[in-house]
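Work through the following exercises with the model open beside the text. Each one sets a task and then solves it step by step.

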Amino acid sequence: MNLKIKIDNYLISENRPCFIIAEAGVNHNGSLSKAFKLVDEAKKVGANSIKFQTFSAKNLVFKNSPKANYQLKTTKKSENQFNMLKNLELNHEEQYKLFNYCKKKKIIFLSTPYNFEDVEFLIKLKTPAFKLASMHMAEPYFIKQVAKQGKPLILSTGMTNLGEIKKTFQEIKKTNNRNIALLQCTTDYPAASNEINLNVIKTLKKNFKCIVGFSDHTSGSVASISSIPLGAKVIEKHFTLSNSLRGPDHKSSLNPKDFKNFVNKIRESEILLGSDKKLPTISEKNLFAMRRSIVTK
């Protein structure tokens, strides 16, 4: 069984290198010029795709919504969730420019929608796939509507159990969309090592017979590297221009230098895994004189 999905010009399959997403999210801090710079750096460090977020604060949270605990540590305490998100928006015109800039730089643009208006906009934008956040796993109806668009769908599975994922997956199947990737994810920033549960990647592949991967919220690269031999073919990691910038996600993201090292280690781990067939390698064949043999004495 050779599972595969195609996103833009990149074929994701069990026989190819994994698809690496630089999760820029809102790390542009509401600045289009910073978003362009994130695209430049993501391309330099070897990411296959860069992902942003498409939302309007007024359609996403109440005006008095509190912040998550991790956000309180990295943003102004006097600023509530609504005001924080309002300052992190990119309007539709800016996103059009960002999409075209990604095409120019030859890196795949992705974005996470948060309601049906966002989905309609991304369809007009001709986004090649949809990446939905873990929060959407509690909304099988919304996911079903996104799946109906017929585009590849990448789903994070944080905060869910297997039964909830099965329910959502059944709704997706009703749309005849088979281009699905499920990502193991632990929704915390940064996520603790003892809560990562990478073995779930194997559980997802066994139960859903689809491309699987890992959305990495840890502070390092060990978790993502370790996910490769378990079958991860999509890896998502938060990406920032600088960890010292003010904002909710910069502290739990990798800067360009660290992200480049991250990509290099993933590619090295893929080379190290090599083939599952036990045969002498080319180098070993050149050293056959070292093998024992029968001689006359």
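**Exercise 1: the strands β4 and β5**

Strands β4 and β5 run parallel and are joined by 6 bridges, where strands, like helices, are DSSP runs numbered from the N terminus (E, at least two residues, for strands; H or I, at least four, for helices), and two strands pair if DSSP finds at least two bridges between them. The model is a predicted one, in which local features need pLDDT of at least 70 and side-chain atom pairs count only at pLDDT 80 or more, while totals for chains, interfaces and linings use all residues. Residues are numbered from 1 along each chain as its sequence is written, and side-chain values use heavy atoms, with hydrogens and water left out.

Task: find the bridge partner of Thr54 in β5, and decide how many residues of β5 are buried.

Solution. The partner of Thr54 is Pro113. Turning to burial (buried means under 20% relative accessible area, exposed over 50%, partly exposed in between, with a 1.4 Å probe and protein chains only), 6 of the 6 residues of β5 are buried, so the strand is largely enclosed by the rest of the structure. Ile108, Leu110 and Thr112 point one way from β5, whereas Phe109, Ser111 and Pro113 point the other way, and all are buried.

**Exercise 2: the surroundings of Lys51**

Task: establish whether Lys51 is buried or exposed, and with which side chain its own side chain makes a polar contact.

Solution. Begin with the location: Lys51 lies in strand β4, which spans residues 49-54. Its relative accessible area is 1%, and Lys51 is therefore buried. Next, the side chain of Lys51 makes a polar contact of 2.8 Å with the side chain of Thr112; such a contact is a pair of N or O atoms within 3.5 Å, of which, within protein, one must be able to donate a hydrogen and the other to accept it, and residues adjacent in sequence count only if both atoms are side-chain atoms. Finally, leaving aside residues up to four places away in sequence, Lys51 touches residues including Glu23, Leu110, Thr112, Lys131 and Glu236, where contact means heavy atoms within 4.5 Å.

**Exercise 3: the sheet**

Task: give the strand order of the open sheet of 8 strands, and say which strands are at its edges.

Solution. The order is β5-β4-β3-β10-β9-β8-β7-β6, with parallel pairing. The edge strands are β5 (108-113) and β6 (130-132), each of which pairs on one side only. On average, and with direction ignored, neighbouring strands of this sheet are turned by 25 degrees against each other. Helix α8 (residues 200-208) packs on the sheet, where it touches β8 (180-185) and β9 (211-216), and its direction makes about 150 degrees with that of β8. At the β6 edge, 3 bridges join β6 in parallel to β7 (residues 153-156), and Lys131 stands opposite Ile154 in β7.

**Exercise 4: two helix pairs**

Task: describe how α1 packs with α4, and how α6 packs with α7.

Solution. Two packed helices are described by the angle between their axes and the distance between the axes. Axes are lines fitted to C-alpha atoms, for helices over the stretch in contact, and angles run from 0 to 180 degrees between N-to-C directions.

For the pair of α1 (residues 32-44) and α4 (residues 92-105), the angle is about 20 degrees and the axes are 10 Å apart. That makes α1 roughly parallel to α4, a term for angles under 35 degrees (over 145 is roughly antiparallel, 65 to 115 roughly perpendicular and the rest oblique). The crossing of α1 and α4 is right-handed, which applies if the near helix is turned clockwise from the far one by less than a right angle, and left-handed if anticlockwise.

The axes of α6 (residues 140-147) and α7 come within 8 Å and cross at roughly 30 degrees, which makes α6 roughly parallel to α7. The contact is made by Pro140, Ile143, Lys144 and Ala147 of α6 and Lys167, Thr168, Glu171 and Ile172 of α7. Of these residues, Thr168 is buried at a relative accessible area of 1%, and Ala147 is likewise buried at 1%.
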